Structure formats: C-alpha cells, structure tokens
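Student: I am new to this structure and would like a close look at a single part of it. Could you take one helix and explain carefully how it sits against its surroundings?

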Amino acid sequence: MKRMIFLISLAAFSTAMISCNGGPYKQEKKDTDCCARQEKGMVTDAIREGSNDFEQVEIVGNSVVYTHIFDGIIDVKTYTYDGDVCVEAERVYVFPDQMSALRHYRRAIEKAELYDDIRLMKNEVRYDLKEAQHKLETAGLTKEQLKAKFDKQLSEAKKAL
C-alpha cells in the first residue's frame with residue numbers, strides 16, 4: 001500500500017515537473033499537459049498491474065525525458081536541448097526511504113568528477129551531469145535521435161527478457 005501511494009505521489013511529482021517546463025505559448029503548454037496526462041496514465045497502469053519495472057522515453061518541449069522505475073526507485077533523466085544540441089542533462093532519483101537516498105548521495109559525492117550541483121532533499125537525490133559526460137551520451141544526436149536511441153535500447157532489453 002505504501003508503495004502504491006509512493007508511486008502515485010511520484011506520478012503527481014513527475015506531472016508537476018513536466019508542466020513546469022512549458023513555454024509561454026499556449027500550444028506548447030497544451031502539448032506539455034497532454035504528455036503529462038499520458039505519463040501519469042502509464043505510471044498508473046504500471047502500478048495497477050503490479051509492475052515493478054517501468055521504462056518510458058518521451059520528448060517534452062525542448063527536452064528528452066527518460067523515466068525508469070525499478071525496485072521502488074524512480075530514476076528520471078532529463079536532457080535539455082537548445083535547437084539540435086544538448087545543453088544540459090539532469091538526473092533525479094527518488095528513493096522509497098531517506099536512508100537509501102543518503103547512500104546514493106554519498107556515492108554521487110564520491111564520483112563528483114561526473115556530476116555538478118549534487119543535492120539531497122529528503123528521499124530525493126538530484127544532480128546535473130557535467131558537460132563532458134552529457135556530451136558523451138548525446139554526441140551529435142538531436143532530440144528525436146536520442147529518443148530513438150533510448151527506444152531501441154528499451155526494445156532490445158525487452159527482447160532479451
């Protein structure tokens with residue numbers, strides 16, 4: 001029951017996070033709202049089906065958002081683009097408890113050469129990937145190409161199961 005409440009609150013958090021990325025134009029806001037509703041529906045379906053593993057990749061505005069839920073841990077990677085170039089990558093982990101978050105935070109601090117602005121907020125760890133790291137992951141890929149790359153990885157992983 002706690003897990004279900006946690007995942008529902010995470011879906012609400014994700015929806016709020018995605019809606020904050022909307023631009024000043026109404027059409028962009030409508031697209032963001034639509035994507036947020038879809039994501040919330042997919043997360044709700046995953047909870048209803050008792051799935052402990054959920055992965056989704058989507059383009060929201062000028063960002064590619066990769067969401068992975070596993071073992072009660074929510075991992076959201078957001079790659080922000082300016083035109084066809086990735087300018088920032090942020091990663092957010094939400095853990096079932098604060099102790100797990102603290103352990104992950106300490107590991108992230110130990111690997112500080114990969115991350116900038118590492119923050120711990122209750123059971124959430126948030127950090128930005130350093131420019132060299134996110135450029136390594138997105139080398140010359142547009143938003144659509146990055147999404148396609150992640151979609152291919154997800155389909156290959158499903159086939160392997």
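Tutor: Let us begin with the buried residues of helix 5, which are Lys143, Leu146, Phe150 and Leu154; here buried means under 20% relative accessible area, exposed over 50% and partly exposed in between, with a 1.4 Å probe and protein chains only. Seen down the axis of helix 5, these buried residues fall within an arc of 75°, so they line one face of the helix, the arc being that of the directions from the helix axis to the C-beta atoms. The face of helix 5 turned away from this buried side carries the exposed residues Lys152, Lys159 and Ala160.

Before going further, please keep in mind that this is a predicted model, in which local features need pLDDT of at least 70 and side-chain atom pairs count only at pLDDT 80 or more, while totals for chains, interfaces and linings use all residues. Residues are numbered from 1 along each chain as its sequence is written, and side-chain values use heavy atoms, with hydrogens and water left out.

Helix 5 covers residues 143–160, and its 18 residues reach 26 Å from the first C-alpha to the last, close to the 26 Å expected at 1.5 Å a residue; that expected span is 1.5 Å times one less than the number of residues. Helices (H or I, at least four residues) and strands (E, at least two) are DSSP runs, numbered from the N terminus. The protein has five helices and six strands, and from the N terminus on these elements run α-α-β-β-β-β-α-β-β-α-α.

What, then, covers the buried residues of helix 5? The cover includes strand 1 (53–60), strand 2 (63–70), strand 3 (73–82) and helix 4 (131–138), where a contact means heavy atoms within 4.5 Å.

The buried side of the helix also takes part in the largest nonpolar core, which has 11 residues, among them Val57, Tyr66, Cys86, Leu146, Phe150 and Leu154. A nonpolar core is a set of buried Ala, Val, Leu, Ile, Met, Phe, Trp, Tyr and Cys residues joined through side-chain atoms within 4.5 Å. Strand 2, strand 3, strand 4 (85–94) and helix 5 are the elements that give two or more residues to this core, and the largest share, three residues, comes from helix 5. Apart from this core lies another, of nine residues, including Ile73, Tyr93, Phe95 and Tyr115.

One residue of the helix deserves a further look through its aromatic partner. The structure holds five aromatic pairs, counted when the ring centres of Phe, Tyr or Trp (its six-membered ring) lie within 6.5 Å, with planes under 30 degrees apart called stacked, over 60 edge-to-face and the rest tilted. The rings of Tyr66 and Phe150 have their centres 4.9 Å apart and their planes at 65°, so this pair is edge-to-face. Because Tyr66 lies in strand 2 and Phe150 in helix 5, the pair ties together parts that are 84 residues apart in sequence. Both Tyr66 and Phe150 are buried.

Another pair, away from the helix residues named above, is formed by Tyr93 and Phe95, whose ring centres are 5.8 Å apart and whose planes are at 25°, so the pair is stacked. Tyr93 and Phe95 are buried too, and together with Tyr115 and Tyr127 they form one aromatic cluster.
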